[in-house]
Amino acid sequence: MDSSSDENAATPWLSDAEQCAWRTYLDASKLLMHQLEKDLQPFGLTNNDYEILVNLSESAEKRMRMSDLASATLQSKSRLSHQITRMETAGLVRRENCESDRRGLYAVLTDQGCEVMQKVAPHHVTSVRRHFIDMMSAEELLHLRTVLAPITDELRGRRGKA
């Protein structure tokens with residue numbers, strides 16, 4: 001007997017309702033991220049740029065170790081390095097050596113990066129509110145958070161595990 005047909009028979013396929021829920025979630029996620037990215041374009045930023053700026057602006061001394069920033073933004077160290085290089089060219093961030101670890105590097109928010117955050121943040125919050133928050137009631141937002149939190153916790157726990 002073919003092992004692929006054994007696997008096929010053992011696969012717990014999605015019901016119509018499950019398939020619909022899954023695809024609705026995927027569509028909403030993709031469309032929302034596309035819209036938020038579109039709303040950042042007039043400022044010359046991508047969603048990744050903005051996420052990095054937010055993380056740095058909220059961290060102590062406006063800096064983070066590159067490895068911690070990669071983890072916080074769910075990017076590989078290599079991809080983050082390329083992203084930081086582009087942002088350095090734009091004057092938004094700079095790299096600094098870590099004095100306690102010669103191999104370590106910090107990404108640091110520049111004064112220009114802080115100014116950009118102050119300018120862009122109100123527009124981004126308005127976009128998030130318009131395209132996400134205001135589409136649901138307070139009860140629906142709480143329910144969404146309650147439903148997604150265990151998924152988020154489980155997947156965060158799996159990060160870094162083989």
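In this predicted model, the axes of helix H2 (residues 16-40) and helix H6 (residues 111-131) come within 10 Å and cross at roughly 150 degrees. Angles over 145 degrees count as roughly antiparallel, and H2 and H6 are therefore described as roughly antiparallel to each other. Their crossing is right-handed. On the side of H2, the contact is made by Leu32, Gln35, Leu36, Asp39 and Leu40, while H6 contributes Val120, His124, Ser127, Val128, Arg130 and His131.

A second pair of helices can be described in the same terms. Helix H3 (residues 47-57) and helix H5 (residues 77-89) pack at an angle of about 85 degrees, with their axes 11 Å apart, and that angle makes H3 roughly perpendicular to H5. Where these two helices meet, H3 offers Asn48, Asp49, Ile52 and Leu53, and H5 offers Arg79, Leu80, Gln83, Ile84 and Met87.

H3 also leads to the sheet, since this helix lies across S1, S2 and S3 and runs at about 100 degrees to S3. How are the three strands ordered in the sheet? The open sheet has the order S1-S3-S2, and the pairing is antiparallel. Strand S1 (63-65) and strand S2 (93-98) stand at the edges and have a single partner strand each, so one side of each is left without a neighbour in the sheet. On average, and with direction ignored, neighbouring strands of this sheet are turned by 30 degrees against each other.

The table sets out the two strand pairings, with one pair of opposite residues for each.

| Strand pair | Sense | Bridges | One residue pair |
|---|---|---|---|
| S1 and S3 (residues 101-109) | antiparallel | three bridges | Arg63 opposite Val108 in S3 |
| S2 and S3 | antiparallel | six bridges | Asn97 with bridge partner Leu105 in S3 |

The connection between S2 and S3 is a hairpin, which joins these strands through two residues. As a general point for reading such a sheet, side chains in a regular strand alternate between the two faces.

Helix H7 (residues 138-158) remains to be described. H7 has 21 residues and reaches 30 Å from its first C-alpha to its last, which is close to the 30 Å expected at 1.5 Å a residue. Where does H7 bend? The bend, of about 35 degrees, is at Leu148, and a proline, Pro150, follows within four residues.

Notes
Residues are numbered from 1 along each chain as its sequence is written. This is a predicted model: local features need pLDDT of at least 70, side-chain atom pairs count only at pLDDT 80 or more; totals for chains, interfaces and linings use all residues. Side-chain values use heavy atoms; hydrogens and water are left out. The expected span of a helix is 1.5 Å times one less than its number of residues. The bend at a residue is the angle between axes fitted to the seven residues ending there and the seven starting there. Two strands pair if DSSP finds at least two bridges between them. Axes are lines fitted to C-alpha atoms, for helices over the stretch in contact, and angles run from 0 to 180 degrees between N-to-C directions. Contact means heavy atoms within 4.5 Å. Angles under 35 degrees count as roughly parallel, over 145 as roughly antiparallel, 65 to 115 as roughly perpendicular and the rest as oblique. A crossing is left-handed if the near helix is turned anticlockwise from the far one by less than a right angle, and right-handed if clockwise.
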